[in-house]
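User: I'd love a close look at one part of this model: the helix that does the most at the place where the two chains meet. Could you walk me through it and then set it in its surroundings?

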Amino acid sequence: MKLFKTLMVTTAVAMALMANSAHAETKKIALVVKALGIGFFEAANKGAQEAAKELGDVEVIYTGPTTTTAEGQIEVINSLIAQKVDAIAVSANDTDALVPALKKAMERGIKVISWDSGVAKDGRSMHLNPSSSPLIGNMIIKLAADQLPEGGDVAVLSATATSTNQNVWIEEMKKVLPNYKGINVVATVYGDDLADKSYRETQGLIQSYPNLKAIIAPTSVGIVAAAQAVTDAGKTGQINVTGLGLPSEMAGHVKSGASKSFAIWNPIDLGYSATMIAYDLIGGAEAKPGAELKMGRMGAVKLDDNNEGAMADPFVYDASNVEEFSKIF
Amino acid sequence: MAEQHLSPRLIPDRLQSRSSRMLKSWESLLLVVAILIFALNSFASPYFLDPWNLSDATFNFTEKALIAFAMALVIISGEIDLSVASIIALSSTAMGLAVTMGADTPVLVLVGLGTGLFCGMVNGLLITGLGLPSIVVTIGTMSLFRGLSFIILGDKAYTGYPESFAFFGQGYVWWVFSFELALFAVCAVVFGVLLHKTNFGRTVYAIGNNQTAALFSGVRVGRVKFILFLLTGLMAGIASICLTSRLGSTRPSIALGVELEVVTMVVLGGVSILGGSGTIPGVVLAAFIMGMVTFGFGLLNVPGIVMSIFIGALLISVIALPILWSRARRRMAQ
């Protein structure tokens, strides 16, 4: 009888264990992008898959519409709600239009976050920015200063005089300028994000400031035009062009030496972090102002009053890695 | 045009019984396809057969189908309206503008409908008044109407829609039946009656089959066409109200590319792109098919581009099938 009892108990325990392991099913996290077939987002998916592998019990559903429309994303979100996914991490085509659909998702118990391109506050629990203005402002001056141990004159080639993003970054840059000894910002010119105007403004800078050691262009149009102008003026090696640019457009200029290094967010890290945060929220973490959410190897993100957080410093691209990333975006 | 007259649908074949004609009709083929897709979907995904999920899925096609009904009439009459998506954008922008001026829901609905009617009137006047080809005029107004929204809105968005306005795109009439679905059903009946049971409907077919003959038979061709474009504008206005309400916001890029999906729906529904034939039940079935295919593929996380390929292949085959069929029959008869 005792044997029978023991057997019974063991079986019960074993069954309970099995049932338990069946309950710990894989969590479905949907990575919704602006449109499929864009290198930047394919790279983000790579990061998301990396996160899924690391976490083990996560299945990443990488999806998005064919064209970058809000209506297309809503259709995708509706089908994800129907599949009862555990979390949706979206890079939105429209800040406002997705809100009703995402609200519905949250009402049905799905965790919703936005990354890269945000959703209005009502439609998500948190938003992950690839970086923040202070981090970007610091990075662009650091990139120039790192190549100038003795200090020297640097100039800024911006987009338009009214570009909000660039103005904020330049302002943040000037705030941290005292930390970089010997670096003088001699001028700020505006290329209006037009290739030819940026090129001419750079030529002007080269002529006006013979001691110019670096040009900082926190715009992907400006940085390419500036690098071209420096190359054409035969100043490669004397004037270093840096700032924010796309690896695919800058690879040639890094190779030629016109640009030693530049920065932009790393889409792989972004997809990885978004997945990690979604997982943290599924696990019970709460997205509220001041909260810290875990991002695996990327550390943790701290949320501000709008439930927004910045992932990291912009990622630095130089001769060692630009080749690899130029294939991605 | 020669091909069209050879197709079996247009030959008045009184030798066949009513039921056998029904069986061989385009609509029965679509019904079989619809049932097949429904069955495949329920088999492929455990989430498909859920009343709420199916209800959500109807939003994929209701707004487009509302326009497709009017578009079917336009295409049957031998014309086309490619400006419908831009009319949605302009109506939506006008409603957004009205919101900023403090308008409430009833006024917003009037503004939406009014803008749609106005756009339809512009199309109708240019086409019937000046005698310009509809494809040229509506390609022009397609840019014009959306261009106006871009000028008014730029990169901004209107978001402050009143809460009661949300009913049109997010509300439910009864259980899982949304307002949009109910509207879709009502419009299907109204347009079905208009096309198949009224003199007006007969004249639309007459114009599409032979405009000159219709004219000489005393049909006021210009007036009928003008009404059709007015109707399409009105339906685009209604669709705009639904879509704007569903999105809760307006951006000039709203409903981009919808005109082609509407035309696809109409042609898939068995309406001859050359005019003269087609039915509303066919369009209703095509709407369901397109909605279910999109939703079913979505549930399986099939990339959108595969869906486009599938719809494209479906479209080409449904256009090619009757032509090939009639050729094969001719060859057999020889």
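Analyst: Happy to; I'll start with the contact, then follow the helix, its chain and finally the partner chain. Please keep in mind that this is a predicted model, and that everything below is computed from it or taken from a record.

Let's begin where the chains touch. The contact draws 27 residues from chain B and 23 residues from chain A. On the side of chain B, four helices each bring at least two residues: α4 (51-58), α13 (221-247), α15 (280-299) and α16 (304-333). Your helix is α15(B), which gives the most to that side, with four residues. As for chemistry, the residues on this side of chain B comprise 10 nonpolar, 13 polar and four charged.

Now for α15(B) itself. The helix counts 20 residues, and the distance from its first C-alpha to its last is 29 Å, close to the 28 Å expected at 1.5 Å a residue. Is the helix mostly covered or mostly open? It is mostly covered, since 19 of the 20 residues of α15(B) are buried. A handy reminder when you look along any such element: an α-helix has 3.6 residues a turn, so residues three or four places apart point the same way. After α15(B) comes N301(B), which has a positive phi, near 55°.

Chain B has a second backbone spot worth a glance. A255(B) is not a glycine, yet its phi is positive, about 60°. You will find A255(B) in the loop between α13 and α14 (258-268) of chain B, and α13 is also among the helices that supply the contact side. A255(B) counts as buried because it has 30 C-beta neighbours inside 10 Å, where 20 are enough.

Stepping back to the whole of chain B, its secondary structure comes to 16 helices and two strands. Its radius of gyration is 20 Å, close to the 20 Å that the globule rule gives for 334 residues, so chain B is as compact as a globular protein of that length. Of those 334 residues, 46% are buried. Among its contacts between residues at least 6 apart in sequence, 78% join residues at least 24 apart. An unreviewed UniProt entry places "transmembrane region" features in chain B at several spans, including 28-49, 61-77 and 305-325. In the model, residues 28-49 of chain B are 77% helix, with end C-alpha atoms 23 Å apart, while residues 61-77 of chain B are 88% helix, with ends 24 Å apart.

Across the contact sits chain A, with 11 helices and 14 strands. Its C-alpha atoms fill a box of roughly 100 × 45 × 35 Å along the principal axes, and 50% of its 329 residues are buried. Chain A is divided into domain 1 (22-131 + 266-312) and domain 2 (133-264), whose C-alpha centres lie 33 Å apart. For residues 29-285 of chain A, an unreviewed UniProt entry gives the annotation "domain: Periplasmic binding protein"; that span is 46% helix and 20% strand. Chain A also has a non-glycine residue with positive phi: D116(A), at about 65°. D116(A) lies in the loop between β4 (111-115) and β5 (126-129) of chain A, and is buried, with 23 other C-beta atoms within 10 Å.

To come back to your helix: α15(B) gives the most to the side of chain B that touches chain A, and 19 of its 20 residues are buried.

Methods: Residues are numbered from 1 along each chain as its sequence is written. Chains are lettered from A and ligands numbered from 1 in the order in which they are written. This is a predicted model: local features need pLDDT of at least 70, side-chain atom pairs count only at pLDDT 80 or more; totals for chains, interfaces and linings use all residues. A residue is buried if 20 or more other C-beta atoms lie within 10 Å of its own, exposed if 12 or fewer, and partly exposed in between; C-beta atoms are placed from the backbone. UniProt positions are given in the numbering used here, feature names are shortened, and annotations may be inferred rather than shown by experiment. Two residues are in contact if their C-beta atoms, placed from the backbone, lie within 7 Å. Ala, Val, Leu, Ile, Met, Phe, Trp, Tyr, Cys and Pro count as nonpolar, Asp, Glu, Lys and Arg as charged, and the others, Gly among them, as polar. Domain bounds come from an automatic or database domain assignment. The radius of gyration is taken over C-alpha atoms; the globule rule is 2.2 Å times the number of residues to the power 0.38. The expected span of a helix is 1.5 Å times one less than its number of residues.
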